[in-house]
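Trainee: I am new to this structure and would be grateful for a close look at a single part of it. Please choose one helix, describe it with care, and then place it in its wider setting.

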Amino acid sequence: MVKMEMKKPSIWKRILAAITDFFLAFLLFGILFVFVVQPIYNKFTDYQKTVDSYYTKMSQTGLYTYNTKTNICNIIEPKIEEGEELTSKDYVDFYESKIYEYFESNEKVDSYLDLKRQSGLFNVGDTSATVKDDINAEELKRFYIHSINYAIEDIFMKDEDIKKIANEIDNYTMEMIAISAIPSFVIFYFVFPLVFHGGQTLGKKMFNLKIASTETGFEVSKLTIIVRQFAVVVIGYIGAYFTYGLSLLAYILIPFFHKKGVSIDDFISNTIVYENVDVADLKDEEKISVVLKSKPSKIEVNEEDVTN
């Protein structure tokens, strides 16, 4: 029987290590997306042309402004002199005719009147509406922004040509995200653990954490590391998207309730996380004791790893 004794790591260190890994991977993803992948797509595909076409059509509604130099498309906003504040009348004068005209040109005036009726800010008749007394500017601003968003969703996005352009942009965007994300996560979640001793990611290395196998000891096989990291990515991140974060929540909470701090990926890969310090002077409650499931033919212990 071969027994390993290690220091039980702080759960908070594990969480901080995981956050660090995700932050660094996301940072690399952002750099690749903005400075490498998107410029390549702009040069060698119709991505920029498609985006320009979409935002130009949005600006033609009279509800948005599009800056072709910065590629920023925003809801139109009234301009005021520095130091002045917009009043309710300013918002009505600026937005009302533009929004009404767009709904009217698309034969959706009734929808606009319904929005006003539902808001509670207007006295609404059969064909017209007036702002109630004592309605403040911020309330009106929120109403008009909501009305513009409604118009885009209910009218603009139902145009077949617009939907086609939007789908093309979505496809381009998903391709760029995948091309940027895959190498980022591979580097931080697979390359580093395979290179560093003890299956360490950069986050684990920063917080002095390593992994050991409950089958073979401190020398963890590359296959075990790959299985474990694959579980981390699938359960912690991809699964979270499809389960509304429930799998990520389980991934975070389970180590709090397990006496050895074992997480889902540890269960799957038969591993355990430990803090890489000398256990000689530790109290029993600070240690993790693990009996290997199968006696390895050769146990090689790194000089930094300590076992009794």
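Mentor: A term is needed at the outset: a residue is called buried when its relative accessible area is under 20%, exposed when that area is over 50%, and partly exposed in between. The model before you is predicted, and every value below is computed from it.

The part chosen here is helix H8, which runs over residues 222-242. This helix has 21 residues, and the distance from its first C-alpha to its last is 29 Å, close to the 30 Å expected at 1.5 Å a residue. Even so, H8 bends by about 30° at Val234. Among the residues of H8 that are buried are Val232, Val233 and Ile235. The buried set also includes Thr224, Ile225, Arg228, Gln229 and Ala231, as well as Gly236, Gly239 and Ala240.

What follows the helix deserves attention. H8 is followed by Tyr244, which lies in the loop between H8 and helix H9 (246-257). Phi of Tyr244 is positive, near 55°, in a residue other than glycine. Most residues other than glycine have a negative phi. Tyr244 has a relative accessible area of 79%, which is over 50%, so Tyr244 is exposed.

A second residue may be set beside Tyr244. Asn270 is not a glycine, yet its phi is positive, at about 55°. Asn270 lies in the loop between helix H10 (264-269) and strand E7 (271-275). With a relative accessible area of 22%, Asn270 falls between the two cut-offs and is therefore partly exposed.

Elsewhere, helix H1 (residues 11-44) contains Ile40. The relative accessible area of Ile40 is 44%; this lies between 20% and 50%, so Ile40 is partly exposed. Ile40 helps to make a nonpolar surface patch of about 810 Å². Its other members are Phe23, Leu27, Ile31, Val34, Phe35, Val36 and Phe44.

Finally, the protein as a whole. Its secondary structure comes to 10 helices and eight strands. The radius of gyration is 29 Å, well over the 19 Å that the globule rule gives for 308 residues, so the protein is more spread out than a compact globule. Taken along the principal axes, the C-alpha atoms fill a box of roughly 85 × 50 × 40 Å. Buried residues make up 40% of the 308 residues.

Notes. Residues numbered from 1 in each chain as written. Predicted model: local features only at pLDDT ≥ 70, side-chain atom pairs only at ≥ 80, totals over all residues. Heavy atoms only, no water. Patch = residues over 30% accessible without salt bridge, like charges linked within 9 Å, V, L, I, M, F, W, Y side chains within 5 Å. Areas by Shrake-Rupley, 256 points an atom, 1.4 Å probe, with all protein chains shown as cover. Salt bridge = Lys/Arg side-chain N within 4 Å of Asp/Glu carboxyl O. Helix = DSSP H or I, 4+ residues; strand = E, 2+ residues; numbered from the N terminus. Buried < 20%, exposed > 50% of the residue type's maximum accessible area, 1.4 Å probe, protein only. Expected span 1.5 Å × (residues − 1). Bend = angle between axes of the 7 residues up to and from the residue. Rg over C-alpha atoms; globule rule 2.2 N^0.38 Å.
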